[in-house]
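Work through the exercises below with the sequence and the coordinates at hand. Each task is followed by a stepwise solution.

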Amino acid sequence: MKKSSIFAMTLTASLITPAIVIPMATPVEASTTNFKDVPSSHWAYKAITEVAKKGLVTGYSDGTYKPSAQVTRAEFATFLSRVFDSKDRTTAKFTDVSSHWAIDAIQEGLAVGFIQASDFTNNKFEPNKPMTRGEMSRWLANGLASANPEYAKAIEEMANSSLTLIPIPEFYKGGVNKKDLPYIGVMLGTGLLSGYEDFAFKPNGNTTRAEVATILIRFMDAMKKSPKDFTGLEELREVAKTGTNILTLTNYEQSPLKFGGYEDVLGKRHTYLNDTGVATIEHAIFVDTTGSTAKGIFKDMFFNESREAISLNRNAYQIYYEYTLVPSRDVSISSIRNGSHMHYASKDLVEKTKIEQFKIPSPKSYSNNDFKKGEKYRYWAANGIINGTTIDGSADDGSRFYYVLPQSKGEHSN
């Protein structure tokens, strides 16, 4: 994710470039694809040229494009309105745009649905306010939903589930409006927006005109596709529905004997036979490490490819379990694992740099008795499974998960 991020490539420029204040009057634009401040060596040259040719984002009368200028709400409404080119309009009830140059684009946005009046307070649109990445996520996701109802379903699934997990540091660290998480999920899942070098999404950060050029190209491509065309988005949807991404990311399927899946045991008690306590599985997140590079939308959240290279290319998956644990005595992860079912007692800690980057709740010690008798803990731990090995386990009430490779008996995991 970080290598392909358009924001990682422009982070320095974004941080040092002062905001450009857009006047209330209509910006003076010029129809050209050759801008004196966008040389062919510019990282966004191709995208800027393409959006200029399509008339989506035009330059200024002085022959510039201003690639480092921040994008305002009025501008972004205009850009998206040109993408949709809809004849529908909904009267804007905002009190600060009646005579604004972007009023027509705003009314088109309301009609199409990429602008939602409910997202604004006091009937003010604040058209000259720079767009935040969180706001942009909402507009783009709503735009996709207006083009394909399946995107609306994806948003709803992530919005209404307690299982939703979005792989950004802000998920645990804070600094993100929880209502924005489903929209950010659509952005990450489709690749429309991605994180910075430190994987942070920075929902309150702004976006430049150069970045927007690339986003619009990707957006128009995504509009032609369904969510099922994006593996990352399908992983996020599966997690929101079942607590795992196993069926989307791997070749595993639920047993034809219909024993059940992870969703059948989530939150249900499993008493350790070694008398160390009672645990429940809350999530089971897979990262594909069967090849020479890690795959899956959660790879950067849990797996450190440089530090854990030994796990690559060994025909195995990494599994990251989130557990709730109530110990019956003071115990460590090592104590719990000793004699317990492997899927209810993972053998490894999450790699420490990932714990720090994403603030993942996880013990920092393998052998210390960090879990105290009678206390309730919720934490992540790491496991692994050889591709083809049966994945199964059961809760105290007999509920069971059981996964195998198609037409393969596999090898029992206990």
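**Exercise 1.** Which residues in H3 meet which residues in H10?

Before the solution, some conventions. This is a predicted model, in which local features need pLDDT of at least 70, side-chain atom pairs count only at pLDDT 80 or more, and totals for chains, interfaces and linings use all residues. Residues are numbered from 1 along each chain as its sequence is written, and side-chain values use heavy atoms, with hydrogens and water left out. Helices (H or I, at least four residues) and strands (E, at least two) are DSSP runs, numbered from the N terminus.

Step 1. Contact means heavy atoms within 4.5 Å. On the H3 side the residues are Ala47, Ile48, Glu50, Val51 and Lys54. In H10 they meet Ala210, Ala213, Thr214, Leu216, Ile217 and Met220.

Step 2. Sort these residues by class: Ala, Val, Leu, Ile, Met, Phe, Trp, Tyr, Cys and Pro count as nonpolar, Asp, Glu, Lys and Arg as charged, and the others, Gly among them, as polar. The contact of H3 with H10 then has eight nonpolar, one polar and two charged residues.

Step 3. Add the geometry. Axes are lines fitted to C-alpha atoms, for helices over the stretch in contact, and angles run from 0 to 180 degrees between N-to-C directions. H3 (residues 45-54) and H10 (residues 209-223) pack at an angle of about 65 degrees, and their axes are 8 Å apart. That makes H3 roughly perpendicular to H10; angles under 35 degrees count as roughly parallel, over 145 as roughly antiparallel, 65 to 115 as roughly perpendicular and the rest as oblique.

Step 4. State the handedness. A crossing is left-handed if the near helix is turned anticlockwise from the far one by less than a right angle, and right-handed if clockwise. H3 passes H10 in a left-handed crossing.

**Exercise 2.** Describe the packing of H4 with H6, then that of H7 with H9.

Step 1. Helix H4 (residues 73-84) packs with helix H6 (residues 133-147) at an angle of about 20 degrees, the axes being 12 Å apart. H4 is therefore roughly parallel to H6, and the crossing is right-handed.

Step 2. H4 contributes Arg73, Phe76, Ala77, Leu80 and Phe84 to the contact, and H6 contributes Glu135, Met136, Trp139, Leu140, Gly143 and Ser146. Seven of these residues are nonpolar, two polar and two charged.

Step 3. For helix H7 (residues 149-159) and helix H9 (residues 181-190), the axes come within 8 Å and cross at roughly 125 degrees. H7 is therefore oblique to H9, again with a right-handed crossing.

Step 4. The contact is made by Tyr151, Ile155, Met158 and Ala159 of H7 with Pro182, Tyr183, Gly185, Val186 and Thr190 of H9. It has seven nonpolar, two polar and no charged residues.

**Exercise 3.** How many bridges join S5 to S4, and how many join S5 to S6?

Step 1. Two strands pair if DSSP finds at least two bridges between them. Two bridges join strand S4 (residues 270-271) to S5, in the antiparallel sense. Histidine 270 has alanine 279 of S5 as its bridge partner.

Step 2. The S4-S5 hairpin has five residues between the strands, and aspartate 275 takes a positive phi near 60 degrees there.

Step 3. Eleven bridges join S5 to strand S6 (residues 316-327), again antiparallel. Valine 278 stands opposite valine 326 in S6.

Step 4. Twelve of the twelve residues of S5 (residues 277-288) are buried, so S5 is largely enclosed by the rest of the structure. Buried means under 20% relative accessible area, exposed over 50%, partly exposed in between (1.4 Å probe, protein chains only).

**Exercise 4.** Is glutamate 108 buried or exposed? Treat lysine 258 and lysine 359 in turn.

Step 1. Glutamate 108, in helix H5 (residues 103-112), has a relative accessible area of 4% and is buried. Not counting residues up to four places away in sequence, glutamate 108 touches Ser81, Phe84, Asp85, Ser86, Asp88 and Arg89.

Step 2. Lysine 258, in the loop between S3 and S4, is exposed at 75% relative accessibility. Its phi is positive, near 60 degrees.

Step 3. Lysine 359 lies in the loop between helix H15 (352-358) and strand S7 (377-386). It is partly exposed at 49%, with a positive phi near 55 degrees.
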